[in-house]
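Visitor: Please take me through one part of this model in close-up. I would like to follow how its strands are paired and what packs around them.

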Amino acid sequence: QVQLVESGGGLVQAGGSLRLSCAASGVTLRFYNMGWFRQAPGKEREFVSAIAWSGYSTDYADSVKGRFTISRDVAKNTAYLQMNSLKPEDTAVYYCAVAGRPKMPMAQPTAVTNYDYWGQGTQVTVSS
């Protein structure tokens with residue numbers, strides 16, 4: 001059974017930083033594409049960042065490019081999202097997600113439908 005558990009969210013002032021973690025069990029992250037998404041109240045879930053199963057390819061939404069960094073620790077089977085220079089518009093529930101099949105090409109990392117497993121989410125609130 002695949003389980004993804006996010007942590008690291010919280011309340012931070014604008015300009016501050018947070019690091020989100022996504023601890024995986026039942027799936028070996030180094031063989032699966034994974035991504036981070038977020039959802040603000042009243043809005044659709046949107047893509048934030050993704051990393052290919054090989055670890056060699058990453059992708060970012062334009063809104064976070066240069067401020068957020070995705071990474072993973074294969075030994076800990078955990079993925080991370082380092083968020084710097086946070087803005088009030090980054091406020092949302094952040095979710096990690098993993099593709100349903102191993103070693104897939106990262107063709108459309110922004111598509112919610114490309115991910116079969118989701119965590120429960122962690123709240124990030126950025127005050128102005």
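Guide: Two strands pair if DSSP finds at least two bridges between them, and a strand here is a DSSP run of E with at least two residues, numbered from the N terminus. The model is predicted, so local features need pLDDT of at least 70 and side-chain atom pairs pLDDT 80 or more, while totals for chains, interfaces and linings use all residues. Residues are numbered from 1 along each chain as its sequence is written, and side-chain values use heavy atoms, without hydrogens or water.

With that settled, let's get our bearings. The protein chain has zero helices and 11 strands. Its 128 residues have a radius of gyration of 13 Å, in agreement with the value near 14 Å for a compact globule (taken over C-alpha atoms; the rule is 2.2 Å times the number of residues to the power 0.38). The C-alpha atoms fill a box of roughly 40 × 25 × 25 Å along the principal axes.

Now for the close look, which I'd like to centre on strand 9. This strand covers residues 92–98, and six of its seven residues are buried (buried is under 20% relative accessible area, exposed over 50%, partly exposed in between, with a 1.4 Å probe and protein chains only). Across the protein chain, 41% of the residues count as buried.

Strand 9 has several antiparallel partners. Six bridges link it to strand 4, residues 34–39, where W36 is matched with C96 of strand 9. Three more bridges tie strand 9 to strand 11, residues 122–127; there Y94 has T122 as its bridge partner. Strand 10, residues 117–118, is joined to strand 9 by two bridges, and its W118 stands opposite A97.

Y94 is worth a pause. Leaving aside neighbours within four places in sequence, its contacts (heavy atoms within 4.5 Å) include T122 and V124, along with L20, F68, L81 and M83. Y94 is also listed with M34, W36, F68, L81 and M83 as having the most contacts inside the largest nonpolar core, which has 33 residues. Such a core is a set of buried Ala, Val, Leu, Ile, Met, Phe, Trp, Tyr and Cys residues joined through side-chain atoms within 4.5 Å. Strand 9 gives the most to this core, with five residues. Others that give two or more residues include strand 3, strand 4, strand 7, strand 8 and strand 11.

Some of those contributors belong to an open sheet, in which four antiparallel strands run in the order 1-3-8-7. Strand 1 (3–7) and strand 7 (68–73) each have a single partner strand, so one side of each is left without a neighbour in the sheet. Within this sheet, strand 3 (residues 18–25) and strand 8 (residues 78–83) share six bridges, and S21 of strand 3 has Y80 as its bridge partner in strand 8.

Two loops beside strand 8 deserve a last glance. N77, in the loop between strand 7 and strand 8, has a positive phi of about 55 degrees without being a glycine, and N77 is buried at a relative accessible area of 15%. S85, in the loop between strand 8 and strand 9, likewise has a positive phi, near 50 degrees, but S85 is partly exposed at 39%. These two catch the eye because most residues other than glycine have a negative phi.
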